[in-house]
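Here is a short report on one protein chain. Look at the sequence and the 3D view first, then read on.

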Amino acid sequence: MDFAALMSKELSKSKPAAKADDKKYLKRSEVESNRKEAYIAEQKAIEEEREKKAAAKRKLEEDTLAANKVRDEKRRKLAEESRKRQDDADWEEEKERRKRLGLPEIERPQKVEVEETVAPEDDISDDELQSKLREIGHPVILFAESHAARLRRYRKLTAVVTDGPIPTTLVLVDEKDMKVAEKVPADAAGRKFLFRQIASYFTMVLKEYEKAMDSSRTNTTESKAAYAAMVQARDNMKPLFRKLETGDIQDSILTPINDIVRALQERRYVDANNGYLHVSIGKAAWPIGVTMVGIHERSAREKLHDGEKGHVMGDEVTRKYLQSIKRCLTFAQVRWPPDDLKQLMG
């Protein structure tokens, strides 16, 4: 046997046996079919992994909820035990005090627990309530908090009805119902509706004010100052909205504001400005120039102090929202010009 035959025999031994299904070339359809099968298998594996993660997350949430319930129950029991121990200590102290003073012994009064109740139409399940509190980023339960107290806290947190320039719990009325009466109503229902009308009108004016400032906003100093004035007017009017929500507003302030709003709605801007001047300045003594010469205070200066104490502009919060009303007045005569040019404010 020669060398070439020997090498050929050895090489044939080292080569693996060719399989029947191995192909040197594949069709495009076969390549596409293999790719689809691989993609489907990959997606199936991803979906199985996603389902496993979702199941693990649900189980973790259920375990956390169960643990929270157990913890809340322990807190409630601890609070009851602490309250009971405090009551016992107070009663023992009271007995010692009566004994020390020689007073007759009395029976221990029985404490009647008042259970907070919730109307069935306003109630929601405790699990749903906890989920809602968790969604808005607030504590699920406070220490020794009952279901009724928790529901009341949730209602207070989510009581905002409007999302305008100044969010408020007042239900705003349509533009056709914003026209206020000539005088402030005396009944409670009429006053509540008046509060809604005033809040609705100023919300409309502030929306238009903000829209106008956004459309004409540039990088100039004048534009920035005008926009800052709008933002300041909007922020300073928030205390007025809070007073309208609670109804805690005096007639000495409500009456002139009602007159100003009515004049604005009728486009009588000069009359509205006169109303603003009347409520802001009125008959109070406002010094002009030098008020004190030397080290001695004159008797006439006491009148200035008395006027500042009793005047509405002496309150910083009231002064700011009245000035915001003045800015709304200035903008309104540009946005809704009057038919009579005499009513244009200078």
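Begin at the end of a helix. Just after H9, glycine 282 takes a positive phi of about 60°. This model is predicted.

**Helix H9**

H9 covers residues 269–280, which makes 12 residues. From first C-alpha to last, H9 reaches 16 Å, close to the 16 Å expected at 1.5 Å a residue. Which residues of H9 are buried? They are Tyr269, Ala272, Asn273, Tyr276, Val279 and Ser280. Seen down the axis of H9, these buried residues fall within an arc of 130°, so they line one face of the helix. The general rule helps here. An α-helix has 3.6 residues a turn, so residues three or four places apart point the same way. What covers the buried residues of H9? The cover includes helix H8 (251–265) and helix H11 (316–335).

**The whole protein**

Now step back. The protein has 11 helices and zero strands. Of its 346 residues, 25% count as buried. The accessible surface comes to about 25,300 Å², and carbon and sulfur atoms account for 54% of that surface. Take contacts between residues at least 6 apart in sequence: 64% of these join residues at least 24 apart.

**The cores**

In soluble globular proteins, nonpolar side chains tend to be buried together. In this model, the largest nonpolar core has 43 residues. Those with the most contacts inside this core are Tyr201, Phe202, Met237, Leu240, Leu244, Ile257 and Ile325. Several helices each supply at least two residues of the core, H8, H9 and H11 among them. Three others that do so are listed here.

| Helix | Residues | Supply to the largest core |
|---|---|---|
| H5 | 188–215 | at least two residues |
| H6 | 221–236 | at least two residues |
| H7 | 238–246 | at least two residues |

Which helix gives the most to this core? H5 does, with 11 residues.

Leucine 244 is worth a look. Leaving aside neighbours within four places in sequence, leucine 244 is in contact with Leu170, Phe195, Ile198, Ala199 and Ile249. There is also a second, separate core of five residues, including Leu129, Leu133, Leu151 and Tyr154.

**A listed domain**

One stretch carries a label from a record. In an unreviewed entry, UniProt lists residues 131–157 as "domain: Pre-mRNA processing factor 4 (PRP4)-like". Over residues 131–157, the chain is 59% helix and 0% strand. The end C-alpha atoms of this stretch are 14 Å apart.

How values were computed: Residues are numbered from 1 along each chain as its sequence is written. This is a predicted model: local features need pLDDT of at least 70, side-chain atom pairs count only at pLDDT 80 or more; totals for chains, interfaces and linings use all residues. Side-chain values use heavy atoms; hydrogens and water are left out. Helices (H or I, at least four residues) and strands (E, at least two) are DSSP runs, numbered from the N terminus. The expected span of a helix is 1.5 Å times one less than its number of residues. Buried means under 20% relative accessible area, exposed over 50%, partly exposed in between (1.4 Å probe, protein chains only). The arc is that of the directions from the helix axis to the C-beta atoms. Contact means heavy atoms within 4.5 Å. UniProt positions are given in the numbering used here, feature names are shortened, and annotations may be inferred rather than shown by experiment. Accessible areas come from the Shrake-Rupley method with a 1.4 Å probe; for residues, only the protein chains shown count as cover. A nonpolar core is a set of buried Ala, Val, Leu, Ile, Met, Phe, Trp, Tyr and Cys residues joined through side-chain atoms within 4.5 Å.
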